[in-house]
Amino acid sequence: MKPIKALALYSGGLDSILACRVIMEQGIAVKALRFITPFTGYNMKGREAEVREHARRTYGIDLEVIDIGREYTEVVAHPRHGYGKHFNPCVDCKIFFISRAKELMEAEGASFLITGEVIGQRPMSQRRDTLHIIEHDSGTEGILLRPLCAQHLRPTIPEQEGLVDRARLLAFAGRGRKDQMALAARYGIKDYPPPAGGCLLADPNIAARLRWMFDNLNDRSFEGMLLTTLGRHFAVGEKTLLVVGRDERENDRIAQLGREDDYEVELVSLPGPLSLVRGPANPDIIETAAAITAFCSKARHERQVEVTCRKAGSAGGEVIRVDPLPEAALASYRIS
Ligand code: SF4
């Protein structure tokens with residue numbers, strides 16, 4: 001007989017780990033899918049094998065990391081069900097992730113999907129009515145099983161068909177963590193991340209950057225969204241953005257995201273931030289960008305610092321001398 005298999009939406013949080021284990025405990029094979037976007041899990045990019053090995057070794061879970069960042073852009077830009085407290089389009093995000101998982105079911109030979117959702121745990125995306133909306137809009141009614149709270153929900157097809165023993169599914173509800181922690185202890189799971197961490201769309205600073213970018217640059221692109229997750233952001237003109245790298249890795253990534261009409265700003269003779277200026281730029285704006293860049297460098301307390309300004313991706317450029325912006329003036333430019 002063909003083995004029964006489920007695909008799991010996996011966030012790396014305890015609930016998704018437990019959901020996998022509850023189903024695996026019934027002798028069902030589970031493949032966990034970790035979808036990554038610029039706002040969640042993107043630091044796993046390039047480290048997929050290591051992440052996969054960690055999940056296997058630590059939780060006994062077969063994991064695949066899948067980058068869906070570019071397609072996810074539309075979910076962030078135009079969520080049908082709106083945003084949560086910050087810029088988190090949780091309902092649309094779940095619908096999108098689950099829809100993507102559903103598309104993979106046939107190729108994976110999976111009969112149903114599982115998630116670690118717990119009814120009543122999150123105000124926006126885990127209410128009873130929202131759980132139904134997510135199933136409906138992702139086209140997964142009857143095949144989306146939530147093992148941690150299944151006893152509160154209608155039996156799904158795998159339960160009705162006896163593939164899954166409903167009696168061994170759980171009845172967790174609400175925001176408490178005691179049940180989850182007790183179950184983790186029973187499985188011997190000690191090493192897991194704290195709850196509700198990890199999504200930058202729920203971060204007020206990232207939300208402010210996205211709002212500014214949408215409103216002032218009319219930029220809802222994948223690359224624009226990636227830029228909101230990097231560096232420090234300043235409005236150096238009404239519609240001009242300055243992004244200042246915080247370390248070498250960020251400098252490189254910011255430079256990679258530069259466009260033809262952007263400017264790069266950096267110190268001439270000291271290692272320090274690389275900054276990107278995007279939007280209308282006149283000499284005053286460039287001087288402000290250079291002064292902020294100098295403030296964000298080791299030359300913060302010097303005078304007349306030499307700074308290069310050049311078209312993004314080009315060599316050479318013009319050298320100007322600026323005093324680093326006084327710290328007290330910085331707040332008026334800061335976006336987040
Ligand atoms: S917190 Fe972030 S990753 Fe989680 S459902 Fe909401 S938008 Fe998606």
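In this predicted model, helix α5 is followed by G139. The phi of G139 is positive, near 65°. The helix itself covers residues 128–138. Five residues are named as buried within α5: T130, L131, I134, E135 and S138. Seen down the axis of α5, these buried residues fall within an arc of 140°, so they line one face of the helix. The cover over the buried residues of α5 includes helix α4 (90–108). It also includes strand β5 (144–145).

Helix α4 also takes part in aromatic pairing. The count of aromatic pairs comes to six. One of them joins F35 and F97. The two rings are tilted, with 45° between the planes and 5.5 Å centre to centre. F35 lies in strand β2 (residues 29–36) and F97 in helix α4, so this pair ties together parts that are 62 residues apart in sequence. Both partners can be placed against the cut-off for burial, which is under 20% relative accessible area. F35 has 3% relative accessibility and therefore counts as buried. F97, at 12%, counts as buried as well.

Y72 and F96 form another tilted aromatic pair. Their ring centres are 5.9 Å apart, and the planes meet at 55°. Y72 belongs to helix α3 (residues 69–77) and F96 to helix α4, so the pair links parts that are 24 residues apart in sequence. At 2% relative accessibility, Y72 is buried. F96 is buried too, at 17% relative accessibility. F35, Y72, F96 and F97 form one aromatic cluster. Helix α4 supplies F97 and F96 to this cluster.

Y72 has a further role in the description, as one of the residues around the ligand. The others in this shell are N88, P89, C90, C93 and C199. By class, the shell divides into five nonpolar residues and one polar residue. No charged residue is present in the shell.

Charged side chains do appear over aromatic rings elsewhere in the model. The charged end of R21 sits over the ring of Y187. The distance from the centre of that ring is 4.8 Å. R300 lies over the face of F295. Here the distance to the ring centre is 4.0 Å.

Key
Residues numbered from 1 in each chain as written. Predicted model: local features only at pLDDT ≥ 70, side-chain atom pairs only at ≥ 80, totals over all residues. Heavy atoms only, no water. Buried < 20%, exposed > 50% of the residue type's maximum accessible area, 1.4 Å probe, protein only. Helix = DSSP H or I, 4+ residues; strand = E, 2+ residues; numbered from the N terminus. Arc of directions from axis to C-beta. Contact = heavy atoms within 4.5 Å. Near = heavy atom within 4 Å. Nonpolar A, V, L, I, M, F, W, Y, C, P; charged D, E, K, R; others polar. Phe/Tyr/Trp six-rings, centres within 6.5 Å; stacked < 30°, edge-to-face > 60°. Lys NZ or Arg CZ within 6 Å of the ring centre and 35° of its normal.
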